[in-house]
Amino acid sequence: MDLSFIDPYSDARPDNAKVVHIHLDLFVDFNETVLRGKVILFIEMTPGYDQIILDFYQLNEDKDKISVTDYLTSVNLEYAITKNVDSFGSKFTIQLLLKYKRDVNEYKYKYRLDTYYFHYNYKIQIECETCKGSSALYWLRSDQTSDGTYPMLITNNKISVPKDFNFVTICGVICNQIINVGDQCKHIFFEMILMPSYTMIIMIASLEDTQYAPYDNVTLWAENKFIEQSKIMLVNIIQMLTIFKAYLTGKLYQKMEQSALRETKRY
């Protein structure tokens, strides 16, 4: 398997073509336990290069479940997916048509007033869905949650979910806007802080949130019946971390003193 020399666990070649921004538009299907929708990739390519290599893991590879197109023209793009090898996933190679390449340095979202500035020269759209039983998704049935009413999803940005779900977050970022579409709610997120895609966590559930004083930047999420119990647990965790931090700081200070004393004796 020809893995990247930059990352031994990836097939990607970011020195030739890399994704600099992602736009997700996903539907959460609790009945089928899959995520389906589309992802728009903003790509920065080096001159003369005509393909991008992505890592592909536990997505449905059926031809009627996946499509890859040039975003501006909707022209179908050729792609090839290798079969899974060991635990590295599959190699997803997409051929890019250079005649559609153009340099762009900004992007403006439909639902935002801000203009975001970053460089890209190609944009593609991939429509796909996850495999049932994907190890990247954790589905809890309603009877597996404490209130026994609603199911829950946690994953290892735009998302449509049933209206009964009052809590949707990505990486701890609360949605900027909610739009009602029939019997669905579309939750819209914007995150412009650079981060690896594998650090994104999507959580969908019926939860309550509360600010934890005296730390205004700490938000606690829990099912309603466990809010007070969760507050007590969080206080205990913070106290334990404070004690541990003090212990480590003291041990480090002792080592620094001992090291300085040894240096003094040498001279």
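Here are some friendly notes on this predicted model, one topic at a time.

1. **The chain as a whole.** Start with the overall picture before picking out single residues. The chain has 267 residues, and 36% of them are buried. Its secondary structure consists of 19 strands and one helix. About 16700 Å² of the chain is exposed, with carbon and sulfur atoms supplying 54% of that area.

2. **The largest nonpolar core.** Which residues have the most contacts inside the largest nonpolar core? They are Ile43, Phe92, Ile94, Leu96, Ile124, Ile126 and Leu153, in a core of 29 residues. Several strands each supply at least two residues of this core, among them β1 (17–29), β3 (51–56), β6 (90–95) and β9 (122–129). The largest share comes from β2, which gives five residues. Domain 1 (1–131) and domain 2 (136–206) both contribute residues, so this core lies between them.

3. **A look at Ile126.** To see the core from the inside, try selecting isoleucine 126 in your viewer. Apart from its neighbours within four places in sequence, isoleucine 126 is in contact with ten residues you can look for, including Val39, Leu41, Leu54, Ile66, Val68, Phe92 and Ile94. Its contacts also include Gly37, Lys38 and Ser67.

4. **A second core with aromatic residues.** There is a second, separate core of 10 residues, and Phe42, Tyr107, Phe118 and Tyr120 are included in it. These four residues also form one aromatic cluster. In the whole structure, a search finds seven aromatic pairs.

5. **Two pairs that share Phe42.** A pair of aromatic rings is described by the distance of the centres and the angle of the planes. For phenylalanine 42 and tyrosine 107, the ring centres are 4.8 Å apart and the planes stand at 75°; an angle over 60 degrees counts as edge-to-face, so this pair is edge-to-face. The pair links distant parts of the chain, since phenylalanine 42 is in strand β2 and tyrosine 107 in strand β7, 65 residues apart. Phenylalanine 42 also forms an edge-to-face pair with tyrosine 120, at 5.0 Å centre to centre and 85° between the planes. Here the link runs from strand β2 to strand β8 (residues 115–120), across 78 residues.

6. **Buried or exposed?** Why does tyrosine 107 count as buried? Its relative accessibility is 15%, and buried means under 20%, so tyrosine 107 counts as buried. Phenylalanine 42 is buried too, with a relative accessible area of 0%, and tyrosine 120 is buried at 6%.

7. **Glu106, in the strand of Tyr107.** Glutamate 106 is found in strand β7 (residues 104–108). With 43% relative accessibility, glutamate 106 counts as partly exposed. Its C-alpha atom is 5.5 Å from that of phenylalanine 118, although the two residues are 12 residues apart along the chain. Beyond its neighbours within four places in sequence, glutamate 106 is in contact with Thr115, Tyr116, Tyr117, Phe118 and Tyr120.

8. **Two backbone angles to check.** Most residues other than glycine have a negative phi. Glutamine 58, however, has a positive phi, near 55°, and is placed in the loop between β3 and β4 (67–70). Serine 74 also has a positive phi, near 65°. Serine 74 lies in the loop between β4 and β5 (79–81) and is exposed, with a relative accessible area of 53%.

Methods. Residues are numbered from 1 along each chain as its sequence is written. This is a predicted model: local features need pLDDT of at least 70, side-chain atom pairs count only at pLDDT 80 or more; totals for chains, interfaces and linings use all residues. Side-chain values use heavy atoms; hydrogens and water are left out. A nonpolar core is a set of buried Ala, Val, Leu, Ile, Met, Phe, Trp, Tyr and Cys residues joined through side-chain atoms within 4.5 Å. Buried means under 20% relative accessible area, exposed over 50%, partly exposed in between (1.4 Å probe, protein chains only). Helices (H or I, at least four residues) and strands (E, at least two) are DSSP runs, numbered from the N terminus. Domain bounds come from an automatic or database domain assignment. Contact means heavy atoms within 4.5 Å. Accessible areas come from the Shrake-Rupley method with a 1.4 Å probe; for residues, only the protein chains shown count as cover. Rings of Phe, Tyr and Trp (its six-membered ring) pair if their centres lie within 6.5 Å; planes under 30 degrees apart count as stacked, over 60 as edge-to-face and the rest as tilted.
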